[in-house]
Amino acid sequence: MSVEPIVEFRDVAKRFGDGPLVLDGFSFTANPGDFISLIGPSGCGKSTALRLIAGLSPVTSGALTVDGLSPSAAAASLAFVFQEATLLPWLNVAHNVEVPQQLRGVPAAARADTRRRVLDLVRLGDKATAYPRQLSGGQKMRVSIARALALSPKLMLLDEPFGALDEMTREHLNEELLAIREQQAWTAFFVTHSVAEAVFLSNRVLVMAANPGRIHTEVTIPLAYPRTEETRLSREYHDLVAEVSRILRSVEHASVAASPQRVSP
Amino acid sequence: MSGSDKMSRTMLQIFLPAAAGAFVIAVWYAIHFYLNEEMRFLLPTPAAVVDALSANRDSLARAAWNTTKGAMLGFSLAVVVSSALALILSLSPLVRTSLYPYLMALQMTPLPILAPICVIWVGAGLKSVSLLTFVIAFFPLVVNTTQGLISTDRNLVELFRLYRAARWQQLLLLRVPAALPYFFTGLRIAATLSPIGAVVADMNAGSSAGDGGGLGFQAVIYSSQAKYPALFATAATTCVLGFILNAAVLLLAWLALRHWHDSYERTDR
């Protein structure tokens, strides 16, 4: 029995204007419930892949379907969490969380219900009336995640959301993110530079290569959910982190060797 | 910051301007009495100015009211028209390059040259004064508001695109609030220029018909009658008008931006 894939790339290529190919021969299928991390050297097209799924930019060639539709038609089923929290500074936390629903014309009473629920999920129920500048970096990111959750998305696209945070905050938010997913069961695409983060969160890690951006290796992460602090201490977790790191290093080495401006001694 | 530190800083903020004021008045008196007796009319003492203020309070109050009317009418008109025009200018760079040169031309023409033209069109008095004040206040408003409307954070624009916001939603919920700090910068400049504009306009296009003369008109009269203390009193009245209008704008900006804008960041946090 086959499941209907939630995202399907078939031989997708992408270039911006007359520039070089950012993605080439990109083929990949995500099933509902997958937590997929994209990791790779800068310029390998990780963020571009996310933007294509979100319909923020069209594919140059090949086919991409999201929830059985074209990306631009599938907007209602996905949410995006940017690298920065991108909160509106003039709105308090509650109103920020309600923005996506407000844009879709959801009545105020229903918005307030959802807002209370998602703010509780990210443990910021007591910050509803605070303004973004009164929050720490980690708190702002949690508001940003709450805002994405408010739409009850089938698909969450996260573009290095915790990249600017310190290690401790990042680990806490990783655990929180998985805990929330236990309750909501969305599919996730997660761009990151941290191997540890990718392994901890995902059931599939895509290691990408650059020039042009493509999938180099897919690593399956067989660790059982729910994953907790304990998971990070396990032998299996450490072996997986080591393996993904090794692949990533070889990819980065290869892309340095392949780049034309470098000459080997 | 501790409570006593804060207290001593507040004291300093009151004490220093007061000390500076006292120093200026002392120097003022010193210059007055340093001058030969027959030249002292050039700089009347502060006490003489206060006397003149009190002796001419009826005519000064009437003139101040007329100037306030002209300044407020012109200022308000400038706010409305510049906001509408800024919306149009923010649509595209092409619209801006097409229209900016003509807006600049209007700003470059000195008021005393525009004044007689204005009088031919709408007649001397309040109408001319408001119209000329409008011209003066208009430019900083339209430039700042337009800049604000086109400077929206790219990430936020992307967010609105992602959620498929309609054009009007993007304008009302994103671009307009993001432009507010810029708008208030323009508003503050306009609030400073408006009373000055109204006074200069009054000198060049005012009318005393029906007690309609403003502070500019009054200054011309006192000057021709060599009533120098009264002339200084007129200057002081104009300053007070400017201060009040500025304070009103600062209050509005504070009400609109205090929660979120960095310029109102509390330093004691």
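This is a short talk on a few features of a predicted model with chains A and B.

Okay, hi everyone. Quick housekeeping before the fun part. Residues are numbered from 1 along each chain as its sequence is written, and chains are lettered from A and ligands numbered from 1 in the order in which they are written. As the model is predicted, local features need pLDDT of at least 70, side-chain atom pairs count only at pLDDT 80 or more, and totals for chains, interfaces and linings use all residues, while side-chain values use heavy atoms, with hydrogens and water left out.

Let's start with a sheet in chain A. In which order do the strands of this open sheet run? The order is β2-β1-β4, so to speak from one side to the other, with antiparallel pairing. Strands here are DSSP runs of E with at least two residues, helices are runs of H or I with at least four, and both are numbered from the N terminus. Two strands pair if DSSP finds at least two bridges between them. The edge strands are β2 (21–30) and β4 (61–66) of chain A, each pairing on one side only. From one strand to the next, the twist averages 20°. As background, strands of a sheet pair through backbone hydrogen bonds, either parallel or antiparallel.

Zoom in on β1 of chain A, residues 7–15: this strand and β2(A) pair in the antiparallel sense over 6 bridges. One example to click on is A:Val12, whose bridge partner in β2(A) is A:Phe26. Then look for helix α1 of chain A, residues 46–53, which lies across β1, β2 and β4 of that chain and runs at about 120° to β1(A). For that angle, axes are lines fitted to C-alpha atoms, for helices over the stretch in contact (heavy atoms within 4.5 Å), and angles run from 0 to 180 degrees between N-to-C directions.

Next up, salt bridges: a side-chain nitrogen of Lys or Arg within 4 Å of a carboxyl oxygen of Asp or Glu. Over all chains, that rule gives 14. Which residues does A:Arg204 join into one network? Salt bridges that share partners link A:Arg204 with A:Asp34 and A:Glu218. A:Asp34 and A:Arg204 meet at 2.6 Å, N to O. They sit 170 residues apart, A:Asp34 in the loop between β2 and β3 (35–39) and A:Arg204 in strand β8 (residues 204–209) of chain A.

Is A:Asp34 buried or exposed? A:Asp34 counts as buried because its relative accessible area is 8%, and buried means under 20%, exposed over 50%, partly exposed in between (1.4 Å probe, protein chains only). A:Arg204 is buried too, at 13%. The A:Glu218 to A:Arg204 bridge is also 2.6 Å, N to O, with A:Glu218 in strand β9 (residues 214–220), 14 residues apart from A:Arg204. A:Glu218 is partly exposed, at 36%.

Over to chain B. B:Asp211 forms a salt bridge with B:Arg62, with the closest N and O atoms 3.9 Å apart. B:Asp211 is partly exposed at 48% relative accessibility, and B:Arg62 is partly exposed at 39%.

Last stop: B:Thr45, in the loop between α1 (3–34) and α2 (46–55) of chain B. B:Thr45 is buried, at 12% relative accessible area. Leaving aside neighbours within four places in sequence, B:Thr45 is in contact with B:Trp28, B:Tyr29 and B:His32. That's me done, thanks!
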